[in-house]
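Here's a quick briefing to read with the model open next to you. Take it topic by topic and click through the residues as you go.

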Amino acid sequence: DLERSVHWYTEILGFTVDRRHERDGKLMAVSLKAGAVRLLLSQDDGSRGLDRARGEAISLRITTRQDIDALAASIREQGVALDTEPMSAHGYRIFRLSDPDGFRFTVSSSQEA
C-alpha cells in the first residue's frame with residue numbers, strides 16, 4: 001500500500017513529502033526528498049499479481065554525508081531490523097536495509113575527510 005510505504009520512508013528514513021500525485025481523487029504516486037536525494041514512489045496496479053516477489057535482484061544505493069553509525073542506530077531505535085550492521089568497505093561506511101515491499105538499500109557515507 002502506497003500510504004504505508006510513504007510512512008516508512010518519511011518516519012524511518014527521514015524523507016519529506018515533496019508532492020502527492022493524484023488521478024481522479026486516487027493517490028497514484030508521491031515525490032519524496034531528503035537533501036539532494038529524490039524518490040518517486042508509485043502505486044503498483046497489481047496487474048502482475050499481488051503475491052509476486054518484489055525487490056529481487058535489485059539494490060538501491062543512497063549516499064549521504066550523515067554519520068552512518070548514528071543513522072543506523074536511529075533506524076534500529078524505531079524498530080526496523082537492518083539487513084547488515086554498519087561496516088567499512090572500499091573507503092565507505094555502509095549498512096543495508098529493506099523497505100516494507102522488499103526493496104533493498106545500501107546506505108553509505110565516504111570515510112574520506
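Let's start with one end of a salt bridge: at 43% relative accessibility, Glu85 counts as partly exposed. Keep in mind that this is a predicted model. The chain has two helices and seven strands, and its elements run α-β-β-β-β-α-β-β-β from the N terminus on.

**Salt bridges**

- Glu85 has Arg76 as its partner, their side chains meeting in a salt bridge at 2.7 Å, N to O.
- Arg76 is partly exposed too, with 34% relative accessibility.
- In total, the structure holds five salt bridges.
- Another one of them brings together the side chains of Arg4 and Asp101, at 2.7 Å from N to O. This pair ties distant parts of the chain to each other: Arg4 sits in helix H1 and Asp101 in the loop between S6 and S7, 97 residues apart.
- Is each end of that pair buried, exposed or in between? Arg4 counts as partly exposed because its relative accessibility is 39%, while Asp101 counts as buried because its value is 18%, and the cut-off for buried is under 20%.
- The side chains of Asp18 and Lys33 also meet in a salt bridge, this time at 3.7 Å, N to O. Asp18 belongs to strand S1 and Lys33 to strand S2, and 15 residues separate them in sequence.
- Both ends of this one fall in the middle category: Asp18 is partly exposed at 45% relative accessibility, and Lys33 is partly exposed with a relative accessible area of 30%.

**The nonpolar core**

- The largest nonpolar core has 22 residues, and the members that touch the most others are Trp8, Tyr9, Leu13, Ile75, Phe95 and Leu97.
- Which elements give two or more residues to this core? They are helix H1 (2-11), strand S2 (26-34), helix H2 (68-77), strand S6 (92-98) and strand S7 (104-110).
- Tyr9 is worth a click: leaving out residues up to four places away in sequence, Tyr9 touches Gly14, Phe15, Leu32, Leu39, Leu41, Asp99 and Phe105.

**A look at Val107**

- Val107 is in strand S7, and it counts as buried because its relative accessibility is 5%, with the limit set at under 20%.
- Val107 and Ile62 are 45 residues apart in sequence, yet their C-alpha atoms are 4.9 Å apart in space.
- Ile62 is also one of the residues that Val107 touches; the others are Thr64, Ile68, Leu71, Arg93, Ile94, Phe95 and Leu97, not counting residues up to four places away in sequence.

**Strand pairing and the backbone**

- S2 and strand S3 (residues 37-42) pair up in the antiparallel sense, with six bridges between them. One of the residues to check is Ala34, whose bridge partner in S3 is Val37.
- The two strands S2 and S3 form a hairpin with two residues in between, and Gly35 in the turn has a positive phi of about 60°.
- Where does Asp24 lie? Look in the loop between strand S1 (16-23) and S2. Asp24 has a positive phi of about 50° although it isn't a glycine, and with a relative accessible area of 80% it is exposed.
- His90 is another non-glycine with a positive phi, about 55° here. You'll find His90 in the loop between strand S5 (84-89) and S6, and it is exposed, with a relative accessible area of 81%.

**Surface and whole-chain numbers**

- Ile58, Leu60 and Phe103 make up a nonpolar patch on the surface, and together they have about 220 Å² of accessible area.
- Phe103 comes from the loop between S6 and S7, and at 31% relative accessibility it counts as partly exposed.
- The chain exposes about 7,400 Å², with carbon and sulfur atoms supplying 47% of it.
- Of the 113 residues in the chain, 32% are buried.
- Taking contacts between residues at least 6 apart in sequence, 39% join residues at least 24 apart.

Conventions:
Residues are numbered from 1 along each chain as its sequence is written. This is a predicted model: local features need pLDDT of at least 70, side-chain atom pairs count only at pLDDT 80 or more; totals for chains, interfaces and linings use all residues. Side-chain values use heavy atoms; hydrogens and water are left out. A nonpolar core is a set of buried Ala, Val, Leu, Ile, Met, Phe, Trp, Tyr and Cys residues joined through side-chain atoms within 4.5 Å. Buried means under 20% relative accessible area, exposed over 50%, partly exposed in between (1.4 Å probe, protein chains only). Helices (H or I, at least four residues) and strands (E, at least two) are DSSP runs, numbered from the N terminus. Contact means heavy atoms within 4.5 Å. Accessible areas come from the Shrake-Rupley method with a 1.4 Å probe; for residues, only the protein chains shown count as cover. Patches are made of residues with over 30% relative accessible area and no salt bridge: like charges are joined within 9 Å, nonpolar side chains (Val, Leu, Ile, Met, Phe, Trp, Tyr) within 5 Å. A salt bridge is a side-chain nitrogen of Lys or Arg within 4 Å of a carboxyl oxygen of Asp or Glu. Two strands pair if DSSP finds at least two bridges between them.
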